[in-house]
Every structure is written in C-alpha cells, then in structure tokens.
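Open the model in your viewer and get ready to click through some charged side chains. Each stop tells you what to select and what you will find there.

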Amino acid sequence: MKKTVGILAALAAATLVVSGCAASTDAEPAAETAAETTTETTTTTSAESVLAAVQEAGAVRCGTRDALPGFAVLQEDGTHVGFDSDFCRVIAAAVLGDADAADMVDLETSDRFTALQSGSIDVLVRNTTWTASRDGGEASTFVQTNFYDGQGMMVESGSGYDSISDMNGAVVCVAKGTTTEGNAALESSRLDLGWEVRPFDDTDLLQEAFLAGQCDGWSSDVSQLTGFRSAYPDGADSLEILPEVFSKEPLGPAVLDGDTQWAQVVNWAILATIQAEEFGITSANVDSFLASEDVTIQRFLGVEITTDEGSAVLDPGLGLPTDFAYQVVKQVGNYGEIFERHLTPLGLERGVNALWTDGGLMYAPPYR
Amino acid sequence: MSPLTGVPTRAPLWRDVRVLKWVFQLVVLAIFVSIIFWLYNNYQVNIQKSKIPTGLEFLDNPANFTMPGNDFNQSSPVWSAFIQGFYNTLRVSIVGILLSIFFGTLIGMARLSKNFLVRTVAGAYVEVIRNLPLLVLLTFMNLAVVLQTFPRIENAWKPLDLFVVSNRGIAIPWFEGSGTTLLTVLAAALVIAGLVAWLRGKYSDRTGKPARGLLYATAVFVLVVLGSWFTLGYQWTLPFVEDRGTLGGLRLDPSFFALLVTLVIYTSSHIAEIVRGSILAVPRGQGEAADALALSGPTKMRLVILPQAFRVALPAIGNQSLNLLKNSSLGAAISYFELTQIAQITVGNGSPAVPAFTLTLLVYLSISLTTSLVINIFNRRLALVER
C-alpha cells in the first residue's frame with residue numbers, strides 16, 4: 001500500500017516537473033534547457049533560403065533515381081546519365097557555375113517526398129507528376145514542367161491486344177505509391193474493364209513479374225515505358241506500347257514549400273534551357289553569341305550592355321549569378337540538346353515537348 | 001537524562017537510502033519524459049514549418065488505388081483501405097499460426113523419432129530454415145518459386161481439374177455464397193461440437209468409461225457442417241481458366257500464397273525446436289509409467305506426453321505466433337496488401353507519413369498485446385499450481 005502511494009507521488013511529481021517545462025516561457029529559468037534546445041533546432045533550418053545553404057555547401061543535393069533509362073541511370077563509375085540528371089546539372093550550373101556540383105541522391109518512389117520534406121535533398125528531379133494534392137499535401141512546390149508526359153500501357157507483342165479496351169480482366173502492373181496506380185484504377189472503372197492493378201516496390205521487381213507472365217500490361221508514363229522497352233532483356237521488339245494515353249503527367253522539379261527564392265532560382269534555371277533553344281543558342285555556339293548585338297540575347301547571357309549613359313549587366317534580382325544562362329548552356333546545353341541526347345535515342349518524339357514556336361508547350365517568360 | 005538524546009534516529013535526507021532511491025527514479029523519469037517531449041516538440045515545429053497536415057483528416061480522403069479480390073475501389077476512403085489491410089494481416093497471420101503450430105508439432109516429434117531418416121531430415125530442415133533471414137526466404141519464394149516455377153496462366157497446372165495453379169495465383173474449389181453464412185455455420189458447428197465434448201467428459205466422469213471427446217466432437221462437427229450444407233443448398237464451384245485469369249472457386253493471390261508458405265516454413269522450424277525441447281522436458285518417469293500401463297505409442301504421446309509438453313511449450317509458441325504476426329509486415333516487400341503495404345501506398349498517394357505510420361504502429365501494437373493477453377490467460381490456467 002505504502003509503495004503504491006509512493007509511486008503515485010513520484011509520478012505526480014514527475015508530471016509537474018515536465019508540465020512545468022512544457023508550459024514555461026523564456027522568463028522561467030527552470031525550463032531554460034528545454035526552451036533552448038527547441039529554439040536551436042528551429043533556427044538551423046528556417047529563415048535562410050536553401051539558396052544560401054547551397055552556396056555555402058558548394059553543392060546542390062538533387063533527389064533522383066538510379067535505373068530509369070533515358071531519365072537517370074547510375075553508371076558503373078558512380079555518375080548519373082539521363083534527362084533528369086542533366087536538369088540536376090542545369091540547376092548546379094546556374095546556382096554555382098559548376099554543373100558537376102550536383103550531388104545525386106537516389107530515392108525510391110515512396111520516399112521521395114519525405115526526403116524533400118526532411119531537407120535531405122534541395123530539389124527533387126525524379127519524374128514526379130505535378131498534382132494539386134502534392135502541391136498541397138506533400139509540402140512541395142512544383143516549378144516549370146520539363147517534360148509533358150501521359151500514362152500509357154505496354155504489352156507483349158504477341159498478346160493480341162491492340163488497344164486498352166481489349167484488355168478485359170487483365171492484370172496491370174504498376175509502380176507502388178504513384179499517380180499511375182490511381183490512373184490505372186480510374187481508367188479500368190471508366191471503361192469497365194475490371195483490371196487487377198498490382199503495385200510493385202521497384203521497377204526491377206515489376207520487370208521480373210512481367211517477364212514471368214504475371215502481368216498482362218505494364219502501365220506507366222509513356223516516356224518511362226519507352227525507356228524500359230529499349231532496355232528490355234528480351235529485346236525492344238518483344239514489347240509494344242498501345243496507342244492510348246489516358247492521363248496528363250506533367251513532370252517537373254519540385255522544391256520544399258515556403259522558400260519562394262529557391263523555387264524561383266530552380267524555375268529560371270529550367271527556363272534558361274528553353275529560352276536558349278528558342279534563341280538557337282547551343283553549347284557549341286554559345287561563345288559566339290557573347291558578341292551578339294541583340295539586346296535580348298545580351299541580357300540573357302549576362303553580357304555587359306553598352307548604351308550612351310554607360311554600361312550595365314542585367315541582374316533581375318533572382319539571386320542567381322548574372323551569367324547563369326551562359327553557364328547552363330555552355331556546360332549542359334539547351335532544352336533541345338538535352339532532349340536529343342537522352343530521349344531521342346529511346347525513340348521518343350518531341351511532340352508536345354516542342355518549343356511553342358513549333359506548336360509545342362515549351363515556353364519561357366521573357367528574361368528582362 | 002537519557003544518554004541517547006541528541007543521537008539522530010534517522011540518517012539525514014541526502015544519505016537516506018529510501019529517499020535517494022526515489023530521487024534517482026524521479027530523475028530518470030524526468031529525463032525520459034523530457035526526451036520524449038523534446039522529440040515530439042521538434043516534430044511539431046518542423047512539420048508546421050513545412051506546412052504538412054498532421055491530423056487524421058487524411059483518413060477520409062479517397063484512397064486512389066485498388067486492391068485485387070475485393071470491393072475496395074479508388075473512391076473508397078483511406079480508412080477503409082486500412083481496415084482491409086488489417087483484415088488481410090489477420091487473415092495471413094491466423095491461417096499461418098494454425099498451420100505453423102500443426103507442422104511445427106509434427107516436425108518437432110519427427111526430430112525425436114527412432115527412425116534415422118525421419119530424424120535426420122527433420123533435423124536438417126530445422127537447422128537450414130532457422131538460420132536463414134526471413135526476407136531472403138520470402139524474396140526467394142516469390143521470385144524463384146511463384147514467378148519462375150509456377151507456369152504462366154496459359155499453361156496452368158490443373159491437378160485433377162480441381163485446382164488451377166499458375167503464377168497469377170492458386171485457385172481452389174470453394175463454395176458458392178457469402179462468407180458470413182459460412183462463418184456462422186462453422187462457428188455454430190464448433191459450439192455444438194464443444195458442447196458434445198463437454199457432455200462426453202461429464203459422462204466419462206460419472207461412469208468411468210472413456211470419454212473419446214475429440215472423436216465425438218469431430219463427428220458432430222462434420223455432421224452439422226454437412227447438414228447445414230445440404231439444407232442451405234450450398235454448392236461447390238470449381239475454378240477454371242477464363243481469358244487470362246481464373247473464374248470460380250477461391251483464388252489465392254500469388255503474394256498471399258508466397259507470404260503464407262514462407263511464414264509457415266519459417267515459423268514451424270522454430271516451433272519444432274520448442275516442441276522437441278518441451279517433449280524432452282517431460283519427466284522420463286511419465287513415459288515409463290505410460291509404458292507400464294501398456295499404452296500404445298500414439299496413445300502415450302496423445303494422452304501422457306503431449307499434454308504435459310504443451311504446458312511447457314505454450315508461452316514459447318505464443319511468442320512465435322506473435323513473431324509470425326509481426327513478420328507478416330514483410331509482405332509489403334512482395335506486394336501483399338497487408339497493413340504495412342497499405343500504409344506505404346497511402347503515403348505515396350499523399351497521406352502524411354508520420355500519422356499514417358503511427359496509426360499502423362498502434363494497430364500492430366494492439367493486435368500483439370491482445371494476442372499476448374489471451375496467451376497469458378491460457379498460460380495461467382494451464383500452468384502447474386505451485387505452492
């Protein structure tokens with residue numbers, strides 16, 4: 001009995017001590033330790049922009065992937081090659097003037113947003129579809145879309161399926177935790193096809209299952225399917241991609257909410273590649289453009305503009321070096337070059353990803 | 001005038017062992033609670049800064065994905081996905097636990113067999129399986145057995161035309177009708193069988209004749225099930241291949257099959273060792289006494305050895321059952337729709353990670369604690385009363 005009372009008393013005392021800590025303000029010296037540690041953790045990550053942290057660290061931590069042909073493939077020497085990897089380099093070239101200052105962080109599909117939220121990466125460039133719930137619920141801000149994609153379906157060549165409406169009661173395999181999963185379910189119920197949608201943790205497992213005949217269809221963004229098809233063990237011809245595209249998948253880089261400056265920096269780094277293509281500036285001829293008389297090009301490349309009143313370089317105040325566009329194009333290339341380097345070999349057409357002047361969607365706001 | 005005045009009757013507070021003990025406990029408790037509070041506070045501050053919703057509102061959002069083999073669809077709320085996941089976890093765990101105990105007991109007895117071959121094979125099985133990591137075993141089962149060894153649906157194995165086995169699942173003959181009716185019938189049969197066994201026990205106590213409770217109960221159980229089967233007009237359906245799937249019968253998802261088989265293989269190797277140890281723990285004299293009464297081998301095992309071994313084995317088997325339940329979370333690695341997989345998918349589809357996984361954690365915790373409570377109650381009833 002006595003012991004119970006003792007324990008109760010101890011508990012009560014402990015609760016008092018702790019609740020004192022919890023409720024106290026800075027004025028109370030008793031809770032100093034608790035209050036101090038809390039403020040410390042708060043200040044380390046807030047207030048200053050990611051931009052300052054990146055400049056200080058001398059590297060951009062870029063969330064990417066390791067095995068998506070055309071977009072990001074980890075090489076044996078530890079470097080990444082692909083469309084997305086090049087956009088990581090674009091950001092590094094713009095911010096730090098060095099395309100090699102991009103630290104690639106390989107992420108699984110299901111942990112990519114957690115990595116962004118926890119601050120273990122600065123920017124996510126990993127075929128991520130821009131949706132309203134991700135803007136709102138995942139604490140992310142999407143910037144300029146660098147690839148307009150749509151979801152399609154890949155089947156074995158001899159399967160006898162000519163369109164997705166033939167695929168009654170089929171088993172459709174997708175990557176786990178993606179918009180693909182929901183789209184496939186939606187399409188199945190819209191066309192009343194009764195698909196069994198099987199999610200897989202990573203694409204290697206999905207490919208194993210597909211090879212073994214566990215799946216009738218492999219659904220993903222058309223660009224990804226094209227990539228997987230080109231690297232399929234049985235050869236690209238043993239697979240075909242059905243003509244339908246049943247969703248909008250704008251893929252673009254995402255940054256953490258609440259840091260407008262960093263979002264703008266990443267945005268303009270991407271836009272510079274589009275603008276450069278529109279001007280016809282490539283990595284090969286960029287130096288010859290430095291002598292251009294065209295004021296818009298002078299502004300864009302950060303060349304000194306001489307007028308009667310003197311000379312000046314345009315600094316729009318984005319927080320980027322004035323020559324960032326030059327560095328991006330010189331070190332990585334313009335949008336068309338990046339596309340041709342990685343996606344054209346897979347057999348992807350420019351399509352909606354052409355410049356607006358060619359009837360596509362790639363359009364950069366004026367740089368002035 | 002007492003010579004003892006001035007001599008302190010108690011030690012000072014800072015040297016009083018009782019006080020020091022309490023102070024020490026309080027300090028430890030305070031440190032512990034402060035650490036928890038500090039971590040929680042950090043979480044709150046950081047989560048607010050990144051403007052991530054923290055509540056459980058996400059449970060009402062549409063789930064945006066589907067699961068094979070049930071009514072759950074993409075506009076069902078997230079909470080119903082969790083319930084389905086909970087149900088699937090229980091399904092694989094309960095079936096797995098029953099099968100593991102059955103096979104574990106058999107293998108454990110085989111380990112003690114007088115037959116050299118039986119003993120050696122059982123011993124090799126236990127030694128190999130017990131020393132493998134479960135995830136490796138599961139991945140192997142999924143990639144090598146289900147995907148590669150099982151045929152494609154076009155060439156499905158159809159043993160006796162009763163089963164359809166392919167890498168898209170295993171279809172078995174099943175009955176037509178709703179699951180609830182079947183469960184009601186089974187439960188009713190079980191209750192009636194239990195009642196019969198109890199009455200037989202009473203009868204045996206009164207007359208001294210053998211009870212044969214198990215025999216009678218089984219017979220009654222079968223009779224009741226068959227009787228209601230015909231009166232309710234149930235019918236078997238046999239599975240058959242249709243297009244690129246199966247219709248009819250009951251289809252076991254390939255991932256369910258891989259997970260169940262792996263869990264049973266793994267857990268029964270552990271239970272076998274427990275059973276073997278428990279049989280050896282039964283005093284020698286018990287077996288000798290049974291021999292002296294001229295009981296046959298199986299009867300001696302059933303009536304004398306196993307009941308006493310079971311008493312020793314129960315807590316350890318209970319532990320293994322809990323392990324199996326927790327290990328079922330590995331099903332997420334091969335896309336079985338159990339609780340962990342659901343949590344991963346909903347997080348991928350926009351549910352906040354920390355609340356979703358906290359919820360998952362609490363569900364596992366409550367299943368485990370309930371199970372261990374039941375085991376403890378059983379154990380208390382079965383344990384030897386020592387004075």
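Keep in mind that this is a predicted model. Begin with Glu338(B), in the loop of chain B between helix H9 (297-327) and helix H10 (339-348). Glu338(B) is buried yet has no salt bridge. Show Lys176(A) as well: this is the nearest side chain of opposite charge, and it is 7.0 Å away. A salt bridge needs a side-chain nitrogen of Lys or Arg within 4 Å of a carboxyl oxygen of Asp or Glu, so a gap of 7.0 Å leaves Glu338(B) without one. What does lie by its side chain is the backbone nitrogen of Gln341(B), 2.9 Å from a polar atom of Glu338(B).

**Salt bridges**

How many salt bridges are there over all chains? The count comes to 19. Side chains of opposite charge can pair when their charged atoms come close.

For a pair inside one helix, select Glu187(A) and Arg190(A), whose closest N and O atoms are 3.0 Å apart in a salt bridge. Both residues belong to helix H7 (residues 179-190) of chain A and sit three residues apart, about one turn of the helix. Is Glu187(A) buried or exposed? Glu187(A) counts as buried because its relative accessibility is 5%, whereas Arg190(A) is exposed at 60%.

Next, select Arg251(B) and Glu196(A), joined by a salt bridge of 3.3 Å, N to O. This pair crosses between chains, linking strand S7 (residues 250-252) of chain B to strand S11 (residues 196-200) of chain A. Arg251(B) is partly exposed, with a relative accessible area of 30%, while Glu196(A) is buried at 14%.

Now move to Asp216(A) and Arg168(B), whose side chains meet in a salt bridge of 2.6 Å, N to O. Here too the pair crosses between chains: Asp216(A) is in the loop between H8 and strand S12 (217-221) of chain A, and Arg168(B) is in the loop between strand S1 (164-166) and strand S2 (169-172) of chain B. Asp216(A) is buried at 3% relative accessible area, and Arg168(B) counts as buried at 5%.

Then add Arg198(A) and Asp253(B) to Glu196(A) and Arg251(B): salt bridges that share partners join these four into one network.

**A surface patch**

Finish with Asp66(A), Asp106(A), Glu108(A), Asp111(A), Asp204(A) and Glu208(A), which form a negative surface patch. Zoom in on Asp204(A), in helix H8 (residues 203-211) of chain A. Asp204(A) counts as exposed because its relative accessibility is 53%. Select Ala67(A) too: it is 137 residues from Asp204(A) in sequence, but their C-alpha atoms are 8.7 Å apart in space.

Key: Residues are numbered from 1 along each chain as its sequence is written. Chains are lettered from A and ligands numbered from 1 in the order in which they are written. This is a predicted model: local features need pLDDT of at least 70, side-chain atom pairs count only at pLDDT 80 or more; totals for chains, interfaces and linings use all residues. Side-chain values use heavy atoms; hydrogens and water are left out. Patches are made of residues with over 30% relative accessible area and no salt bridge: like charges are joined within 9 Å, nonpolar side chains (Val, Leu, Ile, Met, Phe, Trp, Tyr) within 5 Å. Accessible areas come from the Shrake-Rupley method with a 1.4 Å probe; for residues, only the protein chains shown count as cover. Lys and Arg count as positive and Asp and Glu as negative; His and the chain ends are not counted. The place of a charge is taken as NZ of Lys, CZ of Arg, CG of Asp or CD of Glu. Helices (H or I, at least four residues) and strands (E, at least two) are DSSP runs, numbered from the N terminus. Buried means under 20% relative accessible area, exposed over 50%, partly exposed in between (1.4 Å probe, protein chains only). A polar contact is a pair of N or O atoms within 3.5 Å; within protein, one must be able to donate a hydrogen and the other to accept it, and residues adjacent in sequence count only if both atoms are side-chain atoms.
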